[in-house]
Amino acid sequence: MTEPTLSRDAIEHVRVSIPEHVVFREFDTDTVLLNLRTGQYHGLNKTAGRMLEHLQQTGSPKATSEAIATEFRHPQDDVLDDLVELCNALAERGLIEIHAPSEA
Amino acid sequence: MRPPKRSDGPPFFGRSFGLDLEVDFACDGLPASFADVAAPRVRLELAPRTELAAVWPARSTRLRTWGVPGQRPVMTLDGDEGTGYLFRVKGSGWFHVTSDGRFVRCAPVRTSRGRWQRSLIGQVLPFVAVLRGLETYHASAVSVEGGAFAFVGGSGSGKSSLALSLVMRGARLITDDVMAVMTDGSGAPRAHHGFELANVRFDALNRLTPAAIAELGPQVDEDDEGIRIRVDVAREPVPLAAICFLDRSSAGPLTERIQPADPRLLLGATYNVSIREPDRLIRQLDMCATLARRVPTFRIRIPADRGPQEIVREIVDEVMTDLVAS
């Protein structure tokens, strides 16, 4: 079952996956996602692009927030807030799937 | 006017848009195929419209419509999984492309060869090129010192004028309106030549001397917007050296390096938005990433009160200086 929205409290316990119908490519300052089902392109800035990369590698929003906080030297709390917003936006567009803890 | 006939002789083998074309009718401006590197083979033949209508299913998917909303379309493109694609072009004819892009059957209306083949060259064959694995962009391109310089812009943006101005200064035309691109064995994107034809609008023509026009090449035909001339093209695929996006709407420096490359501009430059199978969409995105990584991009601002021919020297100087410096 896919969790439709992600809360700040739940972010540390869920897993995230990128479905097969979504591909993305990194550019110098953007990451472009392509939804193969809709043919629509979506753009992410550099930080969001790195978040997506980490999510793809680890599936863990918690681990992603730690890595991004280190890489960009931001407070982890701020990163977590941004990550929640990003994950919900991507999930709303069918670009990622959020899995409840029982699915992990 | 009599409809075109199938040729009684052997087919003609030509190459354009990265395709090896086997054609059984006279086709203006199609360069002969002689390059050693093999290319996807496409057979083109004439057929009566009744034959195309007979094989086309009653129900198909309308993929695209060209024209003014609320008015009868100028052109439509329909698709059917088993039968392929059907272009219906007002004033030109019908063109059926098989799903794999290996065959094109043309059913022109009673009009001049130049008129109906404009649709074949300008729409159908670029579409086939994408079906066969190339990517196409709304661009003219010339070869300068072994590198392809592409000018991206919509109709009337000045890309043909810029390209022809460079041809008059010694460059070799690659293509006039649609550029086909494919990566070579090393992953470098290369521009493949189009037809040996260039469109010159009447307003651009008025800025050229008769001697300059004659120097470009013989006139093939004309329509309401301008003339078409025959121009030799660079026969081998040319590595892309720069992509220049033409801009007539904003103020600023004449040339501006776009660094880093903007994927939106590159994706927006595609000539084909109708083929949306996953493999093609991925290829389109991958080519965008390759271009962004390997080909410098520029914005060229053409002042409203100046024609492209007047500023081509400045453009070339600035772009070349930037490329040498980088």
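On a 1 Å grid laid over the protein atoms alone, a cavity is a set of points where a 1.4 Å probe fits but cannot get out, while a pocket is an open set with protein on both sides within 12 Å along at least five of seven lines, and lining residues are those with an atom within 4 Å of a point. Grid points are joined across faces, edges and corners, and a volume is the space filled by probe spheres set on the points.

What I am showing is a predicted model, in which local features need pLDDT of at least 70 and side-chain atom pairs count only at pLDDT 80 or more, whereas totals for chains, interfaces and linings use all residues. Residues are numbered from 1 along each chain as its sequence is written, chains are lettered from A and ligands numbered from 1 in the order in which they are written, and side-chain values use heavy atoms, with hydrogens and water left out.

Let me start with the empty space. The structure holds three cavities of 30 Å³ or more, and in the largest there is about 80 Å³ of space. Which elements give two or more residues to the lining of the largest cavity? They are strand E11 (147–152) and helix H8 (308–325) of chain B, where helices (H or I, at least four residues) and strands (E, at least two) are DSSP runs numbered from the N terminus. H8(B) gives the largest share of that lining, four residues. The lining divides into nine nonpolar, no polar and no charged residues, counting Ala, Val, Leu, Ile, Met, Phe, Trp, Tyr, Cys and Pro as nonpolar, Asp, Glu, Lys and Arg as charged, and the others, Gly among them, as polar.

The second largest pocket has a volume of about 300 Å³. Of the 14 residues that line this pocket, the closest to its centre are Thr61(B), Leu63(B), Gly79(B), Tyr85(B) and Glu277(B). Its lining divides into three nonpolar, six polar and five charged residues.

Now the nonpolar cores, each a set of buried Ala, Val, Leu, Ile, Met, Phe, Trp, Tyr and Cys residues joined through side-chain atoms within 4.5 Å; buried means under 20% relative accessible area, exposed over 50%, and partly exposed in between, with a 1.4 Å probe and protein chains only. The largest core has 36 residues, and Phe25(B) is one of those with the most contacts inside it. The largest share of this core, nine residues, comes from H2(B). A second, separate core of 33 residues includes Phe149(B) and Ala171(B).

Phe25(B) also brings us to the aromatic pairs, in which rings of Phe, Tyr and Trp (its six-membered ring) have centres within 6.5 Å, with planes under 30 degrees apart counted as stacked, over 60 as edge-to-face and the rest as tilted. By this rule there are five aromatic pairs over all chains. Why is the pair of Phe25(B) and Trp116(B) tilted? Their ring centres are 5.4 Å apart and their planes stand at 50°, so the pair is tilted. Phe25(B) counts as buried because its relative accessibility is 5%, and Trp116(B) counts as buried because its value is 2%. Together with Phe95(B), they form one aromatic cluster.

Finally, some backbone details. Most residues other than glycine have a negative phi, and most peptide bonds are trans. Arg73(A), however, has a positive phi near 55°, and this residue is exposed, at 77% relative accessible area. Phe17(B) has a positive phi of about 55° as well, but Phe17(B) is buried, at 3%. The peptide bond from Gln259(B) to Pro260(B) is cis, with omega near 0°.
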